[in-house]
Amino acid sequence: MQKSAVLCGLGAYLPEKVVTNDDLAKIMDTTDEWISSRTGIRERRVVEPGISTGDLAVQAGARALKSAGGEPVDLVILATSTPDHPCPATAPAVAHQLGLVDTPAWDLSAVCSGFLYGLTAASSFIAAGNARRVLLIGADAFSTILAPADRGTRPIFGDGAGAVVLRRGDPDEPGALGPSILGSDGSLRELITVQAGGSKEPLDPADPEQEGRYFTMQGRSVFRHAVGRMAAVTAEVRERAGWRPEDVDCLVAHQANRRILQAVAERLALPMERCALHLDRVGNTAAASIPLAMADAVAGGQLKPGHRVLLTAYGGGATWGAAALTWPSITPQPD
């Protein structure tokens, strides 16, 4: 029988510092009502100086490993767009700090779709027999790449990390990853970007205010493309799984914006009470969004063993993806 990747561990970690909308209103032209009415976000967590994406990833990874019983893994994948350094990758250092000696580890960059890209990659390694257990971490510290006074981006993003452990198992057991679909469209790369800092446009040390060194996003266009792509790819995955809309117990979508989630749920004929939602407390945590939302939904009793679950995301690149699984009996290690 063909083997599948089975979810067997889940962990979450958020930095301690809380920044509320009222806190932001003290330093930029905005209000709690303006932010919450447009995004659904009321507060977010941000890293203190000296705390990196790798630090967040280690915490979430350790929790996921504990949740999965503490057995070693054969591979570590870190989905992030805010690595500790341009070079080397952050994943090997994370693996080292987790005590995973000589374990292959690499970074994956697909922005907010990164966790789903990593999930599909991990599943492929397991199905091909190249790994029995994989640690997949989604971690980002977007607060470190936002312009301090940009009210179009700074209220939206928060920092955090979530992680899962996948093991080799049977395709018909709870937790087995079902159909998954990924996609990208490079013609939309300007919608979500940090222009400077790479080989195409290096940072200029003589210009600390260099245009392009901070994250930018074309909000209205992102909204339109995100809703269309997420709804379409999720509907296709649901059909491949053989599920009707009423069969779906929970939609765990990338926590970008409440209006986006509402629009996607409406197109999928799902009531909002079947959608995981915690962006009001954490904001958009990029690659960490889906595993953090899963952990929160389990803790709140929204996700239970046997539930049919759809995962979906849209991110820079542009990238998107969706996957299906039946939720296993699992005890996440929370923040």
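The following exercises, each with a worked solution, concern the predicted model shown above.

Residues are numbered from 1 along each chain as its sequence is written, and side-chain values use heavy atoms, with hydrogens and water left out. Because the model is predicted, local features need pLDDT of at least 70 and side-chain atom pairs count only at pLDDT 80 or more, whereas totals for chains, interfaces and linings use all residues.

Helices (H or I, at least four residues) and strands (E, at least two) are DSSP runs, numbered from the N terminus.

**Exercise 1. The buried face of a helix**

Determine which residues of helix H2 are buried and how they are arranged about the axis.

Solution.

Step 1. Buried means under 20% relative accessible area, exposed means over 50%, and partly exposed lies in between (1.4 Å probe, protein chains only). In H2, which spans residues 32-39, the buried residues are Ile-35, Ser-36 and Thr-39.

Step 2. Viewed down the axis of H2, these buried residues fall within an arc of 90°, so they line one face of the helix. The arc is that of the directions from the helix axis to the C-beta atoms. In general, an α-helix has 3.6 residues a turn, so residues three or four places apart point the same way.

Step 3. Contact means heavy atoms within 4.5 Å. The buried residues of H2 pack against helix H1 (21-25), strand E3 (43-46), helix H7 (258-267) and helix H8 (279-282).

Step 4. After H2 comes Gly-40, with a positive phi near 85°.

**Exercise 2. Salt bridges within and between elements**

Locate the partners of three salt bridges, Glu-236 with Arg-240, Asp-247 with Arg-308 and Arg-281 with Asp-296, and state how accessible each residue is.

Solution.

Step 1. A salt bridge is a side-chain nitrogen of Lys or Arg within 4 Å of a carboxyl oxygen of Asp or Glu. The structure holds 10 salt bridges.

Step 2. Glu-236 and Arg-240 meet at 2.9 Å, N to O. Both residues lie in helix H6 (residues 219-241), 4 residues apart, about one turn of the helix. Glu-236 is partly exposed at 34% relative accessible area, whereas Arg-240 is exposed at 53%.

Step 3. Asp-247 and Arg-308 meet at 3.8 Å, N to O. This pair links distant parts of the chain, 61 residues apart: Asp-247 is in the loop between H6 and strand E11 (250-253), and Arg-308 is in strand E12 (residues 308-315). Asp-247 is buried at 15%, while Arg-308 is partly exposed at 32%.

Step 4. Arg-281 and Asp-296 meet at 3.0 Å, N to O. Arg-281 lies in helix H8 and Asp-296 in helix H9 (residues 289-299), so the pair ties together parts that are 15 residues apart in sequence. Arg-281 is partly exposed at 35%, and Asp-296 is partly exposed at 25%.

Step 5. Salt bridges that share partners join Arg-244, Glu-246, Asp-247 and Arg-308 into one network.

**Exercise 3. An open sheet**

Give the strand order of the open sheet that contains E12, and identify its edge strands.

Solution.

Step 1. Two strands pair if DSSP finds at least two bridges between them. The 4 strands of this open sheet stand in the order E8-E13-E12-E11, with mixed pairing.

Step 2. Strand E8 (177-184) and E11 each pair on one side only and are therefore the edge strands.

Step 3. E11 and E12 run parallel and are joined by 4 bridges. Leu-251 stands opposite Leu-310 in E12.

**Exercise 4. An enclosed strand**

Explain why strand E6 is described as largely enclosed, and name the strands to which bridges join it.

Solution.

Step 1. In E6 (residues 133-141), 9 of the 9 residues are buried, so the strand is largely enclosed by the rest of the structure.

Step 2. Both faces of E6 are covered. Arg-133, Leu-135, Ile-137, Ala-139 and Ala-141 are buried on one side, and Val-134, Leu-136, Gly-138 and Asp-140 are buried on the other.

Step 3. Strand E4 (residues 75-79) runs parallel to E6 and is joined to it by 5 bridges. Ile-77 stands opposite Leu-136 in E6.

Step 4. Strand E7 (residues 159-169) runs antiparallel to E6, with 9 bridges joining the two. Here Leu-135 stands opposite Val-165 in E7.
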